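Hi there,

Here is the structure I promised to pass on to you. Please open it next to this email, and then read on for what turned up in it.

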Amino acid sequence: MPRVIGLMSGSSLDGLDIACVDFSADEKWTFQIVHAETVPYSSEWVKRLSTATGLDARAYLLLHTSYGHYIGECVNDFLAKYNLQVEKIDLIASHGHTVFHEPWNRMTGQVGDGAAISARTRLLVVNDLRAMDVAYGGQGAPIVPIGEKYLFNEYRLLLNLGGIANMTDQKYQIAFDICPANRILNKLVQDYLQKEYDENGQQASMGQLNSSLLTTLNQLDYYRKSYPKSLSNSFGLDIVYPLIEKENGNINDVLHTYVEHIIQQICHSIEMIIDKEKQGKSAYANCKMLVTGGGAHNKYLFQSLQNRLRDQFEIEAVYPEKDVVDYKEALIMAFIGLLRIQKKANILASVTGAEKDSIGGAVWQN
């Protein structure tokens with residue numbers, strides 16, 4: 001039974017997700033999350049990671065190295081905290097933190113040097129998980145559908161409400177980024193209310209819809225593009241956030257409107273699949289959608305989405321156990337790393353638009 005440490009740092013910059021996972025593959029793949037936690041980023045790390053796109057080449061490489069050593073230290077602390085024996089860990093699979101993502105230029109870049117992680121932990125490390133798919137002309141995102149296929153095959157639809165919202169339809173082997181989500185909601189609350197996040201969506205629930213802002217957001221070119229497609233972290237901060245700031249409106253109204261924007265874009269994405277795959281809305285009747293990521297904890301967002309999906313498509317949004325909500329992506333990074341070591345395809349071309357399925361990941365043998 002392989003035991004893998006999965007690591008994920010998302011665009012919301014809330015911290016490093018660490019999951020220790022046991023996998024088994026008797027008749028089908030199963031998993032157990034043994035321990036998991038999020039190590040919150042200090043204000044210094046938030047600043048360093050969020051401003052990395054402006055660094056020169058030398059400074060970028062220094063960040064890449066120092067962040068890798070930091071990740072290694074976090075893993076060591078995690079192992080010690082939960083009394084996990086190093087010799088029983090088969091490998092670490094690290095996503096790193098995405099700084100650049102330009103699949104149209106066949107380039108994606110995540111900081112977090114695998115060599116540094118391996119040197120700190122004395123463990124086998126797999127990282128740079130997206131690069132091979134991008135080299136084959138794929139979007140390099142989303143990469144979680146391979147894990148959803150084998151670990152969550154009871155759900156046709158899977159929605160991740162992270163820094164960026166993305167969705168998978170397993171029947172058609174389709175997955176793509178929908179829109180910025182928590183990255184925008186959290187930044188609004190941090191900038192205007194000096195809070196880390198809008199707990200349970202309380203502030204958003206008290207707001208009123210700003211129709212002008214909603215129309216402006218919904219008219220962005222990305223939403224008219226068909227899949228396969230993916231978003232860089234900069235889309236939210238460089239394109240979406242300035243549009244919101246121009247409105248200079250009441251913060252509760254802005255949060256309320258942005259929640260509505262997320263919900264409308266999720267529904268628009270479902271309609272896009274229905275249209276492109278030439279299906280009727282009844283194709284999703286009684287379908288279950290697994291909802292994970294930090295946004296699933298936002299009760300106002302989740303309940304509003306749940307009602308809309310039920311009314312518009314007869315889709316049931318499902319809130320799973322907390323460890324799956326919070327650590328599904330770290331769990332799947334662990335699975336992708338395990339497949340890499342087994343020399344099995346871990347990125348699906350049907351999702352990313354690449355020339356072929358690929359075995360992604362650089363291996364650092366200690």
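Let's begin with one pair of strands: strand 4 and strand 5 (residues 107-111) run antiparallel and are joined by five bridges. Within this pairing, His 101 sits opposite Thr 108 of strand 5. The two strands form a hairpin with four residues between them, and Arg 106 there has a positive phi near 55°. Please keep in mind that this is a predicted model.

Strand 4 has other partners too. With strand 1 (residues 3-9), strand 4 pairs in the parallel sense over five bridges, and Gly 6 faces Ala 93 of strand 4. Strand 6 (residues 125-127) also pairs with strand 4 in the parallel sense, over two bridges; here Ile 92 stands opposite Val 125.

Is strand 4 mostly covered or mostly open? It is mostly covered: strand 4 spans residues 91-102, and 10 of its 12 residues are buried.

Now for the whole protein. It holds 13 helices and 12 strands, and 56% of its 366 residues count as buried. A compact globule of 366 residues would have a radius of gyration near 21 Å, so the protein's 20 Å agrees with that. Its C-alpha atoms fill a box of roughly 55 × 45 × 40 Å along the principal axes. Of the contacts between residues at least 6 apart in sequence, 70% join residues at least 24 apart.

Finally, the charges: there are 34 positive and 42 negative side chains, and the centres of these two sets are 3 Å apart.

Enjoy exploring!

Best wishes

Note on methods: Residues are numbered from 1 along each chain as its sequence is written. This is a predicted model: local features need pLDDT of at least 70, side-chain atom pairs count only at pLDDT 80 or more; totals for chains, interfaces and linings use all residues. Side-chain values use heavy atoms; hydrogens and water are left out. The radius of gyration is taken over C-alpha atoms; the globule rule is 2.2 Å times the number of residues to the power 0.38. Buried means under 20% relative accessible area, exposed over 50%, partly exposed in between (1.4 Å probe, protein chains only). Contact means heavy atoms within 4.5 Å. Lys and Arg count as positive and Asp and Glu as negative; His and the chain ends are not counted. The place of a charge is taken as NZ of Lys, CZ of Arg, CG of Asp or CD of Glu. Two strands pair if DSSP finds at least two bridges between them.
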